[in-house]
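Colleague: I am new to this one, and I would like to understand how each label is earned. Could you show it to me and then take my questions?

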Amino acid sequence: MQLGFLLFVLLLISKTWCSLQPLPDELSTRLSLAQCIAKAGTIFIPVGEIILVSLPIRQVGENEPSAVMLNQLLFNTLFSLCYWPLIVIKPSNKRIDESYQVNIQNYIVQVRQITELNHSLQKLEKYSSWNPHAKFMVVSVTVFEDNMVAASKFVEQLWAHKVANGIILLPSADDTTVFETYSWFPFDDGNCGQNFSKLRIVDRCRFGKMTNGNGWFSNKIPHNLNGCPIYIRTVVWPPYVLPPDPNVVDEYRFSDGLEILLVNTMAEVAHFRVVYTTSEDIQDWGQIFLNGSATGLMLHMKNEESDIGIGAIAASKEANRYFDAVTYPIPESLKWCVAKAKLIPSWKYFFNVIQPETYLCVIFAFFAVSICMWRLSRYRPGESTSYKSFQSCAQNMFGAMLNVPIKIVPRTNFLRAMFLVWIFFTLHINVAYQTFLMSVFSHPQYEHQLNTVEELFNNNLSLWCLPTYKQFFNNKDWVTLNVMRQWKDCTDINKCLHFTAYEQTAATCTPRLYLKYISNLYVDKDHNSLLHCFENSIATFPLQMLMRKGFPFHRYFSKLVGWISAAGFTAHWEKKIFQYIEEEDLSDLQEDSRALFTIEINHLILLFVMLGVSYVVGLIVLLLEIYYDKKKISQLPYLK
């Protein structure tokens with residue numbers, strides 16, 4: 001009984017196994033591709049990264065396989081893993097709507113024909129989430145005559161759209177369930193990225209089982225760039241980019257400036273050749289807008305006439321949308337600069353030592369004490385007649401205030417006590433006055449200095465600012481609205497600062513390091529600055545090295561900038577540049593030091609003027625007294 005049951009089970013298993021038929025070719029090919037993509041995702045795509053799947057554009061022909069079955073198998077496999085967020089786009093859709101603002105890290109692009117890839121990439125480029133530095137998998141179930149030739153054409157289209165990190169999955173002609181993985185190494189054997197025949201089969205996959213399981217997205221950018229040319233557009237802007245060597249005629253040769261030194265050092269490390277270009281227009285940064293229109297350097301970069309743009313370029317959301325960028329570890333800031341307040345004439349120092357209300361109080365005290373002494377002395381029979389006359393009494397009080405010896409002092413005890421109190425009071429007044437007077441004369445004194453934005457508005461000054469910095473005045477507060485009302489585009493920073501320093505009719509919004517570099521150009525004959533900049537900054541922002549979108553060396557150059565900055569080179573270069581400027585300024589001061597410490601007639605002219613005025617006043621008073629006395633004598637009765 002048991003033997004019969006066992007024979008029945010074996011017969012049933014044999015019949016079941018024999019009834020299994022192989023999968024149709026169309027299904028097996030798609031299932032193998034879906035499982036290979038899922039397996040590659042688990043190996044090469046970190047969990048949580050976004051995957052964008054681009055569906056085919058071309059309609060299905062009579063002899064072309066449909067993508068519906070592949071999509072069902074692929075999405076079912078990817079969703080079942082629950083590892084990555086998926087975004088599905090059909091490029092044939094004319095609407096370009098993105099309710100998401102994310103950076104896509106991985107693309108899976110399905111194609112049926114070779115020319116279809118170019119149209120799909122053109123469509124994907126129009127999305128703001130486009131990222132040519134992502135990992136790209138170009139997949140197809142179409143069997144081509146020569147996979148190597150087809151993969152080479154696919155790679156050429158990827159490179160035309162600035163994609164370097166991509167692989168091609170194509171079915172083998174011998175077994176369509178086996179997918180060959182092609183990768184491109186554009187810089188092998190001294191190439192500079194234009195040899196599209198440098199293809200290799202890095203792996204093979206069948207139903208999710210890989211031959212090697214590595215090397216799909218290996219680094220394609222070598223540390224040695226084989227002397228490949230990198231075209232760099234510059235804007236001359238000290239201290240970042242200093243003017244080129246005027247002795248070189250056939251090319252622009254830059255050798256100094258923070259960004260120039262950084263780029264030249266990167267060229268030495270990575271072994272690439274720098275080709276500099278620049279505009280004849282000053283401050284030719286230009287602008288780029290959200291619709292893609294651009295001017296100046298931005299237009300030059302957008303047209304891909306240069307690979308990199310430098311020259312103290314401020315970060316902006318519009319630039320980051322259309323370009324790649326590397327941020328420098330050099331923060332920049334903006335400050336309002338106005339004309340330095342004018343020097344107060346030295347003759348006014350005597351009146352600026354004490355406030356006017358203090359002067360009035362001292363004068364009031366002088367007359368009050370003089371009147372009291374004069375009135376009280378009239379009721380003292382033993383008091384000197386010098387204090388019984390108001391003129392003589394006031395003269396003695398004034399002499400005591402000036403520390404002049406008094407020949408006749410009060411005789412009575414009460415008046416002596418009042419006189420001692422007055423001397424004690426004037427002693428403190430004199431000490432305070434002389435102390436403050438010496439301190440005032442030891443430092444130059446200036447008129448009221450503008451120090452707030454409100455004072456700029458009240459004085460109705462024109463506000464000059466570079467157009468590229470308008471993005472920092474996008475608030476709707478009272479200050480920003482008034483700034484925009486008095487705003488004027490500064491097309492030449494030197495002219496703007498000239499108006500500010502010499503014409504004193506404007507305020508200029510100036511970057512910190514640029515101001516530090518040119519500060520010694522706006523000084524008077526005594527090397528005193530003609531500019532005064534507010535202590536608080538308007539805005540602090542990062543500077544960037546712009547690169548054309550999809551620049552293949554973006555990640556490598558970003559690392560180079562980080563390594564060079566972390567080694568302290570940028571700080572050293574900044575210190576070196578400004579040290580040279582300070583040494584030049586110090587040498588000028590030493591040349592003029594002898595003149596600065598020589599007493600000249602203009603230092604003493606005020607004393608001579610005061611002495612002359614005093615003698616003239618004294619002479620006039622003497623003549624008036626003589627006239628008055630003669631007239632009084634002529635009126636005596638015995639002379640008539």
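Modeller: Happily! Let me begin with a cut-off that we will need: a salt bridge is a side-chain nitrogen of Lys or Arg within 4 Å of a carboxyl oxygen of Asp or Glu. Please keep in mind that this is a predicted model.

Colleague: What makes the meeting of Glu304 and Lys162 a salt bridge?

Modeller: The N to O distance between the side chains of Glu304 and Lys162 is 2.9 Å. The cut-off is within 4 Å, so the pair qualifies as a salt bridge. Glu304 sits in the loop between helix H7 (296-302) and E11, while Lys162 sits in the loop between H5 and E5, so the pair ties together parts that are 142 residues apart in sequence.

Colleague: Why is Lys162 called buried, and why is Glu304 called partly exposed?

Modeller: Buried means under 20% relative accessible area. Lys162 has a relative accessible area of 16%, so it is buried. Glu304 has 42%, and partly exposed covers what lies between 20% and 50%, so Glu304 belongs there.

Colleague: What else does Lys162 touch, leaving out residues up to four places away in sequence?

Modeller: Lys162 touches Pro132, Glu304, Arg548, Lys549 and Gly550. Its side chain also reaches the backbone oxygen of Ala160, at 3.2 Å.

Colleague: Lys549 is on that list. How do you know that Lys549 and Asp324 meet in a salt bridge?

Modeller: Their side chains are 4.0 Å apart, N to O. The limit is within 4 Å, and the pair is counted as a salt bridge. Lys549 lies in the loop between E19 and helix H17 (554-566) and Asp324 lies in strand E12 (residues 323-327), so this pair ties together parts that are 225 residues apart in sequence.

Colleague: Are the two partners, Lys549 and Asp324, buried or partly exposed?

Modeller: Lys549 is at 23% relative accessibility, so it counts as partly exposed. Asp324 is at 7%, and with the cut-off for buried at under 20%, it counts as buried.

Colleague: What makes Asp489 and Lys470 a salt bridge?

Modeller: The side chains of Asp489 and Lys470 meet at 3.9 Å, N to O, and that is within 4 Å, so the label fits. Asp489 is in strand E15 (residues 487-489) and Lys470 is in the loop between strand E14 (462-465) and helix H14 (478-485), so the pair ties together parts that are 19 residues apart in sequence. Asp489 counts as partly exposed at 37% relative accessibility, and Lys470 counts as partly exposed at 34%.

Colleague: How many salt bridges are there in the whole structure?

Modeller: A search of the whole structure finds seven.

Colleague: Let us turn to the strands. Why is strand E13 called largely enclosed by the rest of the structure?

Modeller: Strand E13 (residues 332-339) has eight residues and seven of them are buried, so it is largely enclosed.

Colleague: How do you know that E13 and strand E18 pair?

Modeller: Two strands pair if at least two bridges are found between them. E13 and E18 (residues 539-541) share three bridges, so they pair, in the antiparallel sense. Glu332 has Phe541 as its bridge partner in E18. E13 also runs antiparallel to strand E16 (residues 506-511), joined by four bridges, and to strand E17 (residues 531-533), over three bridges. Cys337 stands opposite Thr508 in E16 and opposite Cys533 in E17.

Colleague: What makes strand E11 mostly covered?

Modeller: E11 (residues 308-314) has seven of its seven residues buried. Strand E9 (residues 229-234) pairs with E11 in the parallel sense over three bridges, with Arg233 opposite Gly309. E11 and strand E19 (residues 543-548) pair in the antiparallel sense over four bridges, and Ala314 has Leu543 as its bridge partner.

Colleague: One last question: why is Ile605 called partly exposed?

Modeller: Ile605 is at 48% relative accessibility, and exposed would need over 50%, so it counts as partly exposed. Ile605 is in helix H20 (residues 601-634). Together with Val609, Val613, Val617 and Val621, Ile605 makes a nonpolar surface patch of about 400 Å².

Conventions:
Residues numbered from 1 in each chain as written. Predicted model: local features only at pLDDT ≥ 70, side-chain atom pairs only at ≥ 80, totals over all residues. Heavy atoms only, no water. Buried < 20%, exposed > 50% of the residue type's maximum accessible area, 1.4 Å probe, protein only. Helix = DSSP H or I, 4+ residues; strand = E, 2+ residues; numbered from the N terminus. Patch = residues over 30% accessible without salt bridge, like charges linked within 9 Å, V, L, I, M, F, W, Y side chains within 5 Å. Areas by Shrake-Rupley, 256 points an atom, 1.4 Å probe, with all protein chains shown as cover. Polar contact = N/O pair within 3.5 Å; in protein donor to acceptor, adjacent residues only side chain to side chain. Contact = heavy atoms within 4.5 Å.
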